[in-house]
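Me: Could you take a close look at a single part of this structure and walk me through it slowly? I am in my first year, so please connect each step to the one before.

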Amino acid sequence: MRNRPKKDASSNSNSTSNQETTSGGKGTTDSKDVAAVTVKRSSYAILALFVLVIYGAWGVYHYQFDTLPSPMSLQQVGKRGFSEHEAMKHVQALTQLGPHSVGSESLERAIKYVANVSETIKASAHWEVDVEVDLFHVKSGFNGLVGGLFKGKSLVYSDLNHVVLRISPKYASEAGENAILVSSHIDTVFAGEGAGDCSSCVAVMLELARGVSQWAHGFKNSVIFLFNTGEEEGLNGAHSFISQHPWSDTVRVAVDLEAIGIGGKSGIFQAGPNPWAIENYASVSKYPSAQIAAQDVFTSGAIKSATDFQVYQELAGLSGLDFAYADNTAVYHTKNDKLSLLKPGSLQHLGENMLAFLLHAGASSTIPKESDTYSSEDKAIYFDILGMYMITFRQRLANMLYNSVIMQSLLIWTTSVLMGGYPAAISLALSILSIVLMWIFSVVFSVSVAFVLPLVSSSSPMPFVASPWLVVFLYGGPALIGALTGQHIGYRALESYLARSFVERKRSLPASWQSSVAKLDAERWIYKAGLLQWLVLLMVGNYFQVGSSYLAFAWLISPAFAYGLLEATLSPSRLPRQLKTVTLLVGSFVPFVLSSGMVIRLVTTLTGTTVRLVRNPGTTPDWMGNAVIAVFIAAVVCLMFVYLLSYIHISGAKMPIIITASILFLISLVAVWGGVVPPFTEDTARAVNVVHVVDATKTGGENIEPISYISLFSTTPGNLIKEANEIGEGFVCGKNRHLDFVTFYANYSCWTNKNAEKGWLKSDIPTIQVDKDLKGDNRETQISIDTKDSTRWSLGINTVEIEDFQLKDAETNEELIPLGEKSSVDGWHIIQFSGGRNSPTKFKLSLFWLNSGTHKIEDGVKNEGFVLKLRTDVDKLTPPVETVLRKLPEWCSLFGKSTSPHTLAFLSSLPISF
């Protein structure tokens, strides 16, 4: 046999020696082992993967949330189908009325329109269907909800009118005892016409009622459509129906239609607690749109809002579904909640889904009963896939799946570390360090931008509101660079340790191989550390029974399965190989489809809500909203890119990725700095309030002449200097004038005294008069309050001094708020009153003081020297306010909510030492 060259013999000897070292002296190194130590991954392949991820994510989002059905005409669907063309006629009729808030004439016209359409539906219903239309008037009521936004508040309503329509089979009397409630509100805030919130919902309900009235002869349950008013003032319409209407006792399932934006797909963001409704919806909906992740976010309090569904759950103990339109959330409660921005197909999407659900539920004999019981394990986990399919399963099954995977994962990791000994434990620790560094660097890099933006953007610290795509470059780029940098530092530390470990454990391994083998082994450890990251999240989510834990389950199981199928080997003699690209593609496909569209949806929703981020203007740093978005973007990058990043370390793509991300970031930053991309536009406006304030507060027991001025403030972060200069009228901006509006306060605002004396009279100022003060151990004070022309007011009661109180209508002596335990926030309990034009304006208030005496100040509670603070609102444009609104820049819009004042507000108070 011919001898090989000496060099080949030496190489073969080293290979054989290595094989013997790793396998106990058996076998020889084959060509596959030689290939295994080849460290080479194409930069183009990595860049192609990034392009695939970006376009794939956008494609998933577009298909899942942007693809809408074609609007249908009445001729196309027939009298039993849902027609968007018909529903749009109702939206047009309601929006033409302009803003229709509680107490306005336009709301009365809107109610009349809904009532007339309801009568038309009644007249054209199937002859075997009974349609009842009830014009329900509520004289007064007390909303004592205490959860969420209602803590520390008592809501009183008066003179509300609703339209209630019940559809039942004429010859099935038992159907009247079990009803499905479909609810939405007619009223809007004073700042917008409410095309999205919620004329679109009312229009869908009217068209649904028309269709159901042709089908209900085969129902076993009735359907109640509640068109309520007072929702925008604190869910008062739903509360009055549940607490006072005789049909409310028959309701078994409640469905609420809402909007936090305008148009798009109306998705379910709350369901349960009984899973019956969501499971039946999933079985029949044509274009399902539902995400329990949205429910997790909403119920966490991250979004400061509430819907009528809270009343149905807390007050009536009902289960059901809560839908919301969520496109373009920046227009919520502003002038841009208008018909022209309502996307075609939006109403058709919700209408067809709801009609299918109502036909199925109406004919069902398994509708929940009052006596039904259910536990937390019956909670439904639900989500849609690309808006085409919907998955639901119960928490009980989720617990079984999650616990099984967690136990098996822990067993595998423990066994691996024990078998690998000390080197495996150190490798695991260093791979975990790489994940920790990935998070730290990503968050730090991204949050740093949050501090820079207010310095760079002179017009707004949040320049991306009108262009949400900017957050991808402003925050996504730095977050990606940080994540890659942090993980690579951990990777290099792990590689260095593994190289030293191979020298000690595999002395016969060629020096030229040691570095390559260490790199490949480190790559695999980083990939597996990504699995460990998702395992920890699954454990935490499972412990707290977070509904969206299914995402952690998918991001753990699918990549782990792909790794086990395509990468793992049972032979300990094999050297580590380069991870296959197909492993990443197969492992990430399912979780990517499940989560990428939803993540983009959450990002766009989050950026839109920054328009109304600041509850008390001037108290939140300008960088706060940016920091929240920055952390969220960094979390998305660290969670969804952890596997992809592990592929980059042995490629030459690191610098191209960093350079590309840096260039895109700098271009975006320069565009913001130069004003190329405006933060707000006419269709995506900054939320502001223009209020003619008449301040008649009293201090030290002395009467002070009322001070009047025009105030300009904003719930959007940033100063108002540019807006004030655009308006003119002598506005001065700063923190020199603290405004206490009872329900909130403004530390930063702009104000002017120009013509502020016009448009109001001293006789308009509300009065607070002490009628009787019985001092002693059980001190009691009787007070008369006259709100004059205002039927919308807020009264703050100092709970540091007052233990309890009672409110009555002075004219009828009707008790509006009874005695009893009441919560407080920061030492104050707030009464919010709203009602129609026939609401009372004179009240009797009984105050019962704490026995411990007055002037006791609790730790951490700021007492301002008042026992009562009153703000009354009048929906009236005074001459100076009209002037300001006429000059208001097009990128600004009035903003309304239940706690914000109207355009004329009177402030009054009663000092402790009266």
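**A strand and its surroundings**

Reply: In this predicted model, a useful place to begin is L358, which, leaving aside residues up to four places away in sequence, touches I180, V182, L208, V212, F219, V223 and F225. L358 also belongs to the largest nonpolar core, a set of 211 residues in which F225, L321, L358 and Y475 touch the most other members. Apart from that core lies another one, of 23 residues, with I768, I817, F843 and L870 among them.

Two of the contacts of L358, V223 and F225, lead us towards strand β4, which covers residues 222–228 and is joined to β2 by five bridges, the two strands running antiparallel. Within this pairing, V223 in β4 stands opposite I167.

Strand β2 itself, residues 153–169, deserves the closest look: because 16 of its 17 residues are buried, β2 is largely enclosed by the rest of the structure. Besides β4, strand β2 pairs with β1 (residues 129–143) in the antiparallel sense over 14 bridges, and here I167 of β2 is the bridge partner of V131. I167 therefore appears in both pairings, since under the bridge assignment used here it is matched with V131 and also stands opposite V223, with bridges being what defines a strand pair. A further partner is β21 (residues 828–835), which pairs with β2 in the parallel sense over six bridges, and in β21 the residue F833 is the bridge partner of V156.

Terms used
Residues are numbered from 1 along each chain as its sequence is written. This is a predicted model: local features need pLDDT of at least 70, side-chain atom pairs count only at pLDDT 80 or more; totals for chains, interfaces and linings use all residues. Side-chain values use heavy atoms; hydrogens and water are left out. A nonpolar core is a set of buried Ala, Val, Leu, Ile, Met, Phe, Trp, Tyr and Cys residues joined through side-chain atoms within 4.5 Å. Buried means under 20% relative accessible area, exposed over 50%, partly exposed in between (1.4 Å probe, protein chains only). Contact means heavy atoms within 4.5 Å. Helices (H or I, at least four residues) and strands (E, at least two) are DSSP runs, numbered from the N terminus.
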